[in-house]
Amino acid sequence: LGYIFGLEDQYRDYYLKNKEVYDKELAVKNINGKSKVLKNTAGGKHTFLCATAAKQFIERTYSEIEDADINVDGVQLDGFGSSELDECYNVDHTMTREDCMNARANCFNFFREKGVIACADEVGVHTVKYVDLVKHAPYELSKQEKGLQLGVAVPLVNLVYHDSVFVPWNVEGIGGWGIPKNESGKLHWILNGQNPYFKNSMK
């Protein structure tokens with residue numbers, strides 16, 4: 001049908017229950033030498049993978065995908081745009097925030113060098129040079145999903161970056177992720193002058 005095929009992938013949350021892959025020595029360590037353990041996602045308990053190790057996992061995954069004769073046109077690396085830059089104090093792979101930024105950039109560049117569309121979850125000054133599009137550019141809301149806007153919702157991301165990155169907008173319904181409560185996604189799409197999301201109507 002000529003569709004572009006893309007994957008949403010993730011190399012930051014590092015899940016403890018995946019015994020085949022999880023190695024505590026590759027997890028981000030705080031200055032006290034310990035790894036923070038969270039359980040706020042559907043995958044269960046996780047730490048954060050040190051960004052210096054992310055590319056080796058990406059290379060393994062996409063080598064297996066290529067071996068299976070699956071052609072991927074685009075990849076979104078979730079958490080690399082919206083998450084803060086990590087620091088790691090593991091003596092075997094010490095990482096500053098600048099190192100983290102460069103390591104994430106190397107992951108995006110891995111795909112771009114293959115002619116694959118590189119996508120992040122959100123635009124950040126540390127990602128905009130390395131991505132072609134983002135999943136969304138949300139306004140600051142309280143709470144983020146269908147919440148009240150904090151101040152006046154101004155499309156600063158698109159005003160600054162509209163020539164360098166595509167931002168799709170949800171055009172169906174009222175409110176949504178990053179769209180103020182009781183406001184039309186379609187009107188914000190028009191205001192931002194970017195491309196729309198469409199729901200899959202093939203059932």
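Trainee: Where in the structure is N182 placed?

Mentor: N182 sits in strand 11, which covers residues 179-184. Please keep in mind throughout that this is a predicted model.

Trainee: Why is N182 called exposed?

Mentor: The relative accessibility of N182 is 64%, and the term exposed applies over 50%. N182 therefore counts as exposed.

Trainee: What makes the phi of N182 worth noting?

Mentor: Phi is positive at N182, about 70 degrees, although this residue is not a glycine. Most residues other than glycine have a negative phi.

Trainee: Which value of phi does D69 have, and where is D69 found?

Mentor: D69, which is not a glycine either, has a positive phi of about 65 degrees. D69 is located in the loop between helix 1 (51-67) and strand 4 (74-78).

Trainee: How do you know whether D69 is buried or exposed?

Mentor: Buried would require under 20% relative accessible area, and exposed requires over 50%. D69 has 68%, so the residue is exposed.

Trainee: Of which surface patch is D69 a member, and what makes the patch negative?

Mentor: D69 gathers with E20, E64 and D67 in a patch of negative charge on the surface. The patch is called negative because Asp and Glu count as negative, and these four residues are Asp or Glu.

Trainee: Why is E66 called partly exposed?

Mentor: E66 has a relative accessible area of 44%. That value lies between the 20% and 50% limits, so the intermediate term applies. E66 belongs to helix 1, and its C-alpha atom is separated by 35 Å from that of Y89, 23 residues apart along the chain.

Trainee: What makes the peptide bond from S142 to K143 notable?

Mentor: This bond is cis, with omega near -10 degrees, whereas most peptide bonds are trans. K143 itself lies in the loop between strand 7 (141-142) and strand 8 (148-149).

Trainee: How do you know that E8 and K135 form a salt bridge?

Mentor: The closest N and O atoms of E8 and K135 are 3.4 Å apart. A salt bridge requires a Lys or Arg side-chain nitrogen within 4 Å of a carboxyl oxygen of Asp or Glu, so the pair qualifies. The pair links distant parts of the chain, 127 residues apart: E8 is in strand 1 (residues 6-10), and K135 is in the loop between strand 6 (133-134) and strand 7. Both partners are partly exposed, E8 at 48% and K135 at 28%.

Trainee: How many salt bridges are found in the whole structure?

Mentor: The search finds 8. One of them joins E59 to K55, with the closest N and O atoms 3.9 Å apart, which is still within 4 Å.

Trainee: Why are E59 and K55 separated by about one helical turn?

Mentor: The two residues are 4 residues apart in helix 1, and this spacing corresponds to about one helical turn. E59, at 38%, is partly exposed, as is K55, at 32%.

Trainee: What makes E87 and R97 a salt bridge?

Mentor: Their closest N and O atoms are 3.6 Å apart, and the limit is 4 Å, so the criterion is met. E87 lies in the loop between strand 4 and helix 2, and R97 in helix 2, so the pair ties together parts 10 residues apart in sequence. E87 is partly exposed, with 33% relative accessibility. Elsewhere, R12, E84, D86 and R104 are joined into one network by salt bridges that share partners.

Trainee: Which residues of the largest nonpolar core touch the most other members?

Mentor: Of its 38 residues, these are Y11, F57, I58, Y62, L77, F108 and F111. Helix 1, strand 4, helix 2 (97-112) and strand 5 (117-120) each supply at least two residues of this core. Helix 1 gives the most, with 6 residues. In soluble globular proteins, nonpolar side chains tend to be buried together.

Trainee: Which residues form the nonpolar patch on the surface, and why is V160 called exposed?

Mentor: The patch is formed by V152, V154, L156, L159 and V160, with about 500 Å² of accessible area together. V160, in helix 3 (residues 156-161), has 57% relative accessibility. Exposed means over 50%, and V160 therefore counts as exposed.

Conventions. Residues numbered from 1 in each chain as written. Predicted model: local features only at pLDDT ≥ 70, side-chain atom pairs only at ≥ 80, totals over all residues. Heavy atoms only, no water. Patch = residues over 30% accessible without salt bridge, like charges linked within 9 Å, V, L, I, M, F, W, Y side chains within 5 Å. Areas by Shrake-Rupley, 256 points an atom, 1.4 Å probe, with all protein chains shown as cover. Charge placed at Lys NZ, Arg CZ, Asp CG, Glu CD. Core = buried A, V, L, I, M, F, W, Y, C linked by side-chain atoms within 4.5 Å. Buried < 20%, exposed > 50% of the residue type's maximum accessible area, 1.4 Å probe, protein only.
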